[in-house]
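Reader: I've got this one open on my screen and I'd like a close look at one part of it. Could you walk me through it, and then show me how the rest fits around it?

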Amino acid sequence: METQSIRVQEGTPSPTPTEAGRLFIDYCRVRNLSPGTIKFYQFQLKRIVDTLEEDNPGIRINEIGISELRHIVEHAMDTSSTVTVNHTVTTCKTMFQFLA
């Protein structure tokens, strides 16, 4: 199955992390992922978005780089179990593949 992604038209601002998360969840629903999988992504995305927006108010998806991703993972490592850290990494990877 071919992965679809969003394309931001030239001159249109890049989405915020919250907007990108909503787009990703909508995409998961269109792909008919199970309700459990969607709930899992929603939970993980909330943690990721909260961390991003708390430390970088007003950040846009196109402004997220290695240092921001590293901070998300470090924050998860400081506050969560190893399994949750791995889920955080997987969710970031999956969402950014969708956004690419």
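Reader: Which helix does Thr 84 lie in?

Author: Thr 84 lies in helix 4. Before going further, keep in mind that this is a predicted model, so everything here is computed from it.

Let's stay with that threonine for a moment. Thr 84 has a relative accessible area of 18%, and the cut-off for buried is under 20%, so Thr 84 counts as buried. Setting aside neighbours within four places in sequence, Thr 84 is in contact with Gln 44 and Arg 47. Helix 2 spans 35-55.

Now move along to Thr 88, which is also found in helix 4. With a relative accessible area of just 3%, Thr 88 is buried. Again leaving out neighbours within four places, Thr 88 is in contact with Gln 44, Ile 48, Ile 72 and Ala 76. Gln 44 turns up in the list for Thr 84 and in the one for Thr 88. Thr 88 and Met 77 are 11 residues apart in sequence, and their C-alpha atoms are 9.7 Å apart in space.

Step back to the whole chain. There are four helices and zero strands, in the order α-α-α-α from the N terminus. Of the 100 residues, 33% are buried. Among contacts with a separation of 6 or more, 66% are between residues 24 or more positions apart.

Helix 4 (82-99) also comes up in the largest nonpolar core, as one of the elements giving two or more residues to it, along with helix 1 and helix 2. That core has 18 residues, and Phe 24, Ile 25, Ile 61, Met 95 and Leu 99 touch the most other members. In general, nonpolar side chains tend to be buried together in soluble globular proteins.

Ile 61 is a good one to click on. Not counting residues up to four places away, Ile 61 touches Met 95, Phe 96 and Leu 99, and also Ser 14, Pro 15, Thr 16, Pro 17 and Ala 20. Ser 14 sits in the segment before helix 1 and counts as buried, at 12% relative accessibility. A polar atom of the Ser 14 side chain lies 3.1 Å from the backbone nitrogen of Asn 62.

For contrast, try the loops. Pro 57, in the loop between helix 2 and helix 3 (66-79), counts as exposed at 69% relative accessibility. Pro 57 is 41 residues from Thr 16 in sequence, with 9.9 Å between their C-alpha atoms. Asn 32, in the loop between helix 1 and helix 2, is exposed too, with a relative accessible area of 67%. The phi of Asn 32 is near 65°, a positive value in a residue other than glycine. Most residues other than glycine have a negative phi.

Last stop: the largest pocket, with a volume of about 150 Å³. Helix 1 (17-30) and helix 2 (35-55) each supply at least two residues of its lining. The lining includes Pro 17, Arg 22, Ile 25, Gln 42, Lys 46 and Asp 50, and the full set divides into four nonpolar, three polar and three charged residues. Ile 25 is worth a second look: that residue lines the pocket and is among the core members that touch the most others.

Definitions and conventions:
Residues are numbered from 1 along each chain as its sequence is written. This is a predicted model: local features need pLDDT of at least 70, side-chain atom pairs count only at pLDDT 80 or more; totals for chains, interfaces and linings use all residues. Side-chain values use heavy atoms; hydrogens and water are left out. On a 1 Å grid over the protein atoms alone, a cavity is a set of points where a 1.4 Å probe fits but cannot get out, and a pocket is an open set with protein on both sides within 12 Å along at least five of seven lines; lining residues have an atom within 4 Å of a point. Grid points are joined across faces, edges and corners, and a volume is the space filled by probe spheres set on the points. Ala, Val, Leu, Ile, Met, Phe, Trp, Tyr, Cys and Pro count as nonpolar, Asp, Glu, Lys and Arg as charged, and the others, Gly among them, as polar. Buried means under 20% relative accessible area, exposed over 50%, partly exposed in between (1.4 Å probe, protein chains only). A polar contact is a pair of N or O atoms within 3.5 Å; within protein, one must be able to donate a hydrogen and the other to accept it, and residues adjacent in sequence count only if both atoms are side-chain atoms. A nonpolar core is a set of buried Ala, Val, Leu, Ile, Met, Phe, Trp, Tyr and Cys residues joined through side-chain atoms within 4.5 Å. Contact means heavy atoms within 4.5 Å.
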